[in-house]
Amino acid sequence: MSGREGELIQATNQLAESISTNKLGMSEGQLASIVSLQDMFAKASDQLKGNMGASAIETMNQHIVGGDSRTDLLLGWGTKYMGVQDRWAFEKQKAKGVADPENLKTIISEAQRQFGNNPEYMKMVLSSVLGLNPEQLEALMNNKSVWDSLSSGSYGKEDIESLLDGSGVDTIKNRNKLS
């Protein structure tokens, strides 16, 4: 195993540990979502590969899980989830962070719905809510396939499937190599 492959594995392990902190465990599906998310970040920009991408994903997760009222609104509090009876279901969903593609899908779609007429303001809100700097957010938004996957909550399911059958391991390793 080369140093870069080792870095990718180490970054993925640290990311999984960080995201699963304060949880009883992480399902195989949640882990696959995290690995796919890291692969998509690597596709979007050289500055989002390896440890830098893992760090950005970890920051996004922290911002979603520990988010403020703006995050709650973009996650559906007050629209999809209302009243005391829904608060517990909302908190459980929010606690999944980036490991559940639905969370990013909901945040992005709500931001587009609320602020789509003002793209610059939408970027400011998403940057703040997700904890990404402007360059990171624009790198994701400017890569159409990555942004479409994030917006639809698909997190590159074809990458996960190719990873599981072994045929896509080299492709994913290459995407995550540092320049």
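From the N terminus on, the order of elements in this protein reads α-α-α-α-α-α-α-α-α-α-α, and the total is eleven helices and zero strands, where helices (H or I, at least four residues) and strands (E, at least two) are DSSP runs numbered from the N terminus. What we have here is a predicted model, in which local features need pLDDT of at least 70 and side-chain atom pairs count only at pLDDT 80 or more, while totals for chains, interfaces and linings use all residues. Residues are numbered from 1 along each chain as its sequence is written, and side-chain values use heavy atoms, with hydrogens and water left out.

Let me begin with the protein as a whole. Of its 179 residues, 45% are buried, and buried means under 20% relative accessible area, with exposed meaning over 50% and partly exposed lying in between (1.4 Å probe, protein chains only). The accessible surface comes to about 9200 Å², and carbon and sulfur atoms hold 52% of that surface; such areas come from the Shrake-Rupley method with a 1.4 Å probe, and for residues only the protein chains shown count as cover. Among the contacts with a separation of 6 or more, 63% are between residues 24 or more positions apart, a contact being heavy atoms within 4.5 Å.

I would now like to turn to helix 6 and helix 7. How do we describe two packed helices? We use the angle between their axes and the distance between the axes. The axes of helix 6 and helix 7 come within 9 Å and cross at roughly 150 degrees; axes are lines fitted to C-alpha atoms, for helices over the stretch in contact, and angles run from 0 to 180 degrees between N-to-C directions. Helix 6 and helix 7 are therefore roughly antiparallel, since angles over 145 degrees count as roughly antiparallel, under 35 as roughly parallel, 65 to 115 as roughly perpendicular and the rest as oblique. Residues that make this contact include Leu104, Ile107 and Phe115 of helix 6, together with Pro119, Tyr121 and Val125 of helix 7.

Helix 7 covers residues 119-130, and its twelve residues should span 16 Å at 1.5 Å a residue, which agrees with the 16 Å between its end C-alpha atoms; the expected span is 1.5 Å times one less than the number of residues. For helix 6, with 15 residues, the expected span of 21 Å likewise agrees with the 21 Å between its end C-alpha atoms.

Which residues of helix 7 are buried? They are Met122, Val125, Leu126, Ser127, Val129 and Leu130, and what covers them includes helix 3, helix 4, helix 6, helix 8 and helix 9. Met122 counts as buried because its relative accessibility is 8%, and, leaving aside neighbours within four places in sequence, Met122 is in contact with Ala111, Gln112, Phe115, Gly116 and Met141. Between the C-alpha atoms of Met122 and Ile108, which are 14 residues apart along the chain, the separation is 9.3 Å.

Just after helix 7 comes Gly131, whose phi is positive, near 75 degrees. Gly131 is also one of the two residues touched by Thr59, the other being Leu130, when residues up to four places away in sequence are not counted. Thr59 itself lies in helix 3, residues 50-65, and with a relative accessible area of 22% Thr59 is partly exposed. Finally, Thr59 and Val98 are 39 residues apart in sequence, and their C-alpha atoms are 10.0 Å apart in space.
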